[in-house]
Amino acid sequence: MTKDSSKVFLFVDEEPVPIAELDTPIVFDLDTRKLTDGEHLLTIVSHSPTGREGIRKIYFTVANGPAIRIEGLKNKDVVDGTLSLMINAYDKGNQKSFLITGSETPKTIPFWIWIIVILFAGWALYYEITSANVQ
């Protein structure tokens with residue numbers, strides 16, 4: 001370590017052993033594929049050449065696993081009876097080629113679309129009946 005650069009130690013979660021010990025400035029690639037999906041904490045401890053210490057904590061969420069989408073139940077819903085759930089899980093693939101199969105979650109048609117279709121059909125029927133009576 002040169003006398004004019006700081007040294008940083010990188011810790012993930014509450015591990016006592018750092019994952020890296022680096023001289024600054026540095027570009028570091030954190031491989032999240034080695035971490036489980038979920039919330040994590042990156043703690044960066046720096047030591048200056050004068051012996052002073054600084055700490056920075058960064059919370060982040062890892063989502064390397066397959067994405068899970070669900071329709072028919074939301075977080076903290078109050079429900080009873082039988083629920084019809086549409087569940088889809090898909091992976092990102094190798095990120096060099098696009099995966100089509102399962103990469104889109106189908107959704108049901110929203111109720112307001114049904115209302116518009118019914119109103120339009122009613123108007124069309126009304127128009128047809130009134131225009132037939134005019135002739």
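**Close-up 1. Four strands make an open sheet, ordered β2-β1-β3-β4, with antiparallel pairing.** This is a predicted model. The edges of the sheet belong to β2 and β4, each of which pairs on one side only. Going from one strand to the next, the twist averages 20°. As for what holds such an arrangement together, strands of a sheet pair through backbone hydrogen bonds, either parallel or antiparallel.

**Close-up 2. Here β1 meets strand β3, residues 38-47.** The two run antiparallel to each other and share six bridges. For a handy landmark, look for Lys 7, which stands opposite His 47 in β3.

**Close-up 3. Nine residues build the largest nonpolar core.** The members are Val 8, Leu 10, Val 12, Ala 20, Leu 22, Leu 35, Leu 42, Phe 60 and Val 62. At least two residues of this core come from each of β1 (7-12), β2 (20-23) and β4 (53-62). Which strand gives the largest share? That would be β1, with three residues.

**Close-up 4. Leu 35, one of the core residues, and what it touches.** Setting aside residues up to four places away in sequence, Leu 35 touches Val 12, His 40, Phe 60 and Val 62. Among these, Val 12, Phe 60 and Val 62 are listed in the largest nonpolar core too.

**Close-up 5. Ser 5 sits in the segment before β1.** Is Ser 5 buried or exposed? Its relative accessible area is 9%, so Ser 5 counts as buried, the cut-off being under 20%. Not counting neighbours within four places in sequence, Ser 5 is in contact with Asp 23, Thr 24 and Pro 49.

**Close-up 6. Phe 120, Trp 123 and Tyr 127 are linked into a cluster by ring pairs.** A pair of aromatic rings is described by the distance of the centres and the angle of the planes. The structure holds two aromatic pairs. Phe 120 and Trp 123 make a tilted one, at 5.9 Å centre to centre with 35° between the planes. Trp 123 and Tyr 127 make a stacked one, at 5.6 Å centre to centre with 20° between the planes.

**Close-up 7. The ring cluster again, this time along helix α1 (residues 111-134).** Phe 120 and Trp 123 are three residues apart in this helix, about one turn. Trp 123 and Tyr 127 are four residues apart in helix α1, so about one helical turn separates them. Phe 120 has a relative accessible area of 56%, which means that it is exposed, the cut-off being over 50%.

How values were computed. Residues are numbered from 1 along each chain as its sequence is written. This is a predicted model: local features need pLDDT of at least 70, side-chain atom pairs count only at pLDDT 80 or more; totals for chains, interfaces and linings use all residues. Side-chain values use heavy atoms; hydrogens and water are left out. A nonpolar core is a set of buried Ala, Val, Leu, Ile, Met, Phe, Trp, Tyr and Cys residues joined through side-chain atoms within 4.5 Å. Buried means under 20% relative accessible area, exposed over 50%, partly exposed in between (1.4 Å probe, protein chains only). Contact means heavy atoms within 4.5 Å. Rings of Phe, Tyr and Trp (its six-membered ring) pair if their centres lie within 6.5 Å; planes under 30 degrees apart count as stacked, over 60 as edge-to-face and the rest as tilted. Two strands pair if DSSP finds at least two bridges between them. Axes are lines fitted to C-alpha atoms, for helices over the stretch in contact, and angles run from 0 to 180 degrees between N-to-C directions.
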